[in-house]
Amino acid sequence: MFRLLLLALLVFAVYRLIRGRSTRPPVPGPQQRTLPEQHMVRCAHCGVYVPETESIGDEDRRYCSQAHRVAGPVQQRRR
Ligand SMILES: [Zn+2]
């Protein structure tokens with residue numbers, strides 16, 4: 001009788017150990033940190049999306065770099 005009780009206790013302990021591990025939420029690592037949300041703007045020349053704070057403005061158009069601002073906007077081809 002005592003052995004059966006001990007076995008039941010052991011099974012219960014193992015069950016709790018396994019269940020405790022699987023239900024524990026994963027600890028967020030450094031790669032899972034969320035960056036502050038940034039408004040992305042499209043370069044009028046190459047179409048690449050860059051954060052608005054890093055873009056270069058020219059009137060109502062935004063560019064990814066000074067070179068593209070100088071090159072100017074590229075007309076988008078319509079299909
Ligand atoms: Zn560009």
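Reader: Let's start with Arg 69. Which helix is Arg 69 found in?

Author: In this predicted model, Arg 69 sits in helix α2, which covers residues 66-71.

Reader: And how do I read its exposure: buried, exposed or partly exposed?

Author: You count the other C-beta atoms within 10 Å: 20 or more means buried, 12 or fewer means exposed, and partly exposed is what lies in between. Arg 69 has 19 such neighbours, so it comes out as partly exposed.

Reader: Okay, which residues is Arg 69 in contact with, leaving aside neighbours within four places in sequence?

Author: For contacts, the cut-off is 7 Å between C-beta atoms. By that rule Arg 69 touches Ile 56, Asp 58 and Tyr 63. Take Ile 56: it is 13 residues away along the chain, and the two C-alpha atoms are 7.2 Å apart.

Reader: Zooming out, what pattern does the chain follow along the sequence?

Author: It runs α-β-β-β-β-α, with 2 helices and 4 strands in total.

Reader: What share of the chain is buried?

Author: Buried residues come to 9% of the 79 in the chain. As for contacts with a separation of 6 or more, 14% of them join residues 24 or more positions apart.

Reader: Last one: which elements have the lowest and the highest mean pLDDT?

Author: A general caution to begin with: where pLDDT is low, don't read the predicted coordinates in detail. Here the chain averages 82, and 78% of its residues reach 70 or more. Among the elements, helix α1 (residues 2-23) has the lowest mean, 80, while strand β2 (residues 49-51) has the highest, 95.

Notes:
Residues are numbered from 1 along each chain as its sequence is written. This is a predicted model: local features need pLDDT of at least 70, side-chain atom pairs count only at pLDDT 80 or more; totals for chains, interfaces and linings use all residues. Two residues are in contact if their C-beta atoms, placed from the backbone, lie within 7 Å. pLDDT is the predictor's confidence in each residue, from 0 to 100.
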